[in-house]
Amino acid sequence: MHKAKIAIIGGGLSGLYAAYSLQKRGIWDYVVLEARETLGGRIHTVLPRQSPSLKNEVYAAADAFDLGPSWFWPGYQTRLSDVIHELGLKRYPQFETGDMIVERSRELPVSRMNGYLSSPPSMRITGGMAAVISALQAHVDASRIHTGQLVTHIQRSEGAVEITSQATTGAITEWSVDQVLLAMPPRLVQASIEFAPALPATLSQSWKKTATWMAPHAKYFAVYETPFWRDQGLSGSARSSVGPLVEIHDASIPQGSAALFGFVGVPAAFRRTVHENDLRALCRAQLTHMFGQQAAVPKAEFFKDWAMDIQTAVAADLVGPGEHAIAPPASVSCGPWEQCLVGIGSEWSPQFPGYVAGAVDAVDRGLQLHA
């Protein structure tokens, strides 16, 4: 039986930021248990230059494509902005200059309309959102982070909380801690971890009903040598009532490759019946219809279907509306789980549920009350 004061379940932004924050408070007796073999959770940035499976020669050194969250808004997500500044990361604005495209029919030409600027401006991070994960990882004690550890059981015993995790090899590890910080989506916690004694029914149901942001979604990236749409006075933004992409944006990298990305509007349950290559072909055809023949042959494509990610989505996410949920209660107010269990994943943020800023907000709130 391994021992620690605090166990952080999940090694995404919430989990790593929690570890970082605990260390700043002088608390080093913690452990991070992450089911995936890599850190980051729903932050998933493709760095082609680091991947031996990709043709590195077609990419610029600056290329970083976010298949998970892409933006933050420092104008009102001030705490996240402060953390990004504290970590020494650079930012740049989302490109929005020019007209946007609207597609109402595949048979009819697309229409142009005046584009609009986000207010407050949406920003992206140099190196992608993964730069936040890498920066936090550089600050926390690596010996306290354990990947490939799927937590299956959490039991309240006299004077302690006992955690059981299973490695990808099948090996079982047990931990005895004073407190558990759940850095996971509430719905995934409820579906994948067995609690003994059981959590209060009303709390468990509220977690089960809380939709996980990104879980029903899929994103498609098309990478080009140049942002040719800008030469046409287009911002790269587009909306479609046809699909498969329903919302498209310029995802070009400063000093890097040009790119367009879109959210796939095909429902998650139906996507399971369609081969990914067929979806990619439909996305290419749509971009060609909307932006012209130069869009027909991207130099690279990336696709991520979060509904297929078992560490993100559960069955209920396949039929959900895909909207940001209302934050459920983050802790138990009475009984055996009081003061020893708190949710710090992004969906537990009452201010920014499901957003990147929500991860920081939920951790700050959770540690203020329970650590």
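Trainee: Which strands does helix α8 lie across, and at what angle does it run to β17?

Mentor: For a helix on a sheet, look at the strands it touches and at its direction. In this predicted model, helix α8, residues 276-291, lies across β7, β16, β17, β18, β19 and β20. Its direction makes about 120 degrees with β17.

Trainee: What is the strand order of the sheet, and is the sheet open?

Mentor: Read a sheet from one edge across to the other. The order here is β8-β7-β17-β18-β19-β16-β20, an open sheet of 7 strands with mixed pairing. The edge positions belong to β8 (111-113) and β20 (300-305). Each has a single partner strand, so one side of each is left without a neighbour in the sheet. From one strand to the next, the twist averages 20 degrees.

Trainee: How do β7 and β17 run, and how many bridges join them?

Mentor: For a strand pair, check direction and then register. Strands β7 (residues 99-103) and β17 (residues 234-240) run parallel and are joined by 4 bridges. For the register, take V102, which stands opposite R239 in β17.

Trainee: Now the cysteines. How many disulfides are there?

Mentor: Look at the distance between sulfur atoms, with a cut-off of 2.5 Å. The count comes to 0 disulfides. C334 is in no disulfide, and the nearest cysteine sulfur, that of C340, is 12 Å away.

Trainee: Is C334 buried or exposed?

Mentor: Compare the relative accessibility with the cut-offs: buried is under 20%, exposed is over 50%. C334 has 52%, so it counts as exposed. C283 has 0% relative accessibility and therefore counts as buried.

Trainee: What share of the whole chain counts as buried?

Mentor: The same reading can be applied along the chain. Of its 371 residues, 55% count as buried. The accessible surface is about 16,200 Å², with 54% of it belonging to carbon and sulfur atoms.

Trainee: How many helices and strands does the protein chain have, and how compact is it?

Mentor: Begin with the inventory, then turn to overall dimensions. The chain has 9 helices and 21 strands. Its radius of gyration is 21 Å, close to the 21 Å given by the globule rule for 371 residues, so the chain is as compact as a globular protein of that length. The C-alpha trace spans about 70 × 40 × 40 Å along its principal axes.

Trainee: What percentage of the contacts join residues at least 24 apart?

Mentor: Take the contacts between residues at least 6 apart in sequence: 70% of them join residues at least 24 apart.

Terms used. Residues are numbered from 1 along each chain as its sequence is written. This is a predicted model: local features need pLDDT of at least 70, side-chain atom pairs count only at pLDDT 80 or more; totals for chains, interfaces and linings use all residues. Side-chain values use heavy atoms; hydrogens and water are left out. Two strands pair if DSSP finds at least two bridges between them. Helices (H or I, at least four residues) and strands (E, at least two) are DSSP runs, numbered from the N terminus. Axes are lines fitted to C-alpha atoms, for helices over the stretch in contact, and angles run from 0 to 180 degrees between N-to-C directions. Contact means heavy atoms within 4.5 Å. The radius of gyration is taken over C-alpha atoms; the globule rule is 2.2 Å times the number of residues to the power 0.38. Buried means under 20% relative accessible area, exposed over 50%, partly exposed in between (1.4 Å probe, protein chains only). Accessible areas come from the Shrake-Rupley method with a 1.4 Å probe; for residues, only the protein chains shown count as cover.
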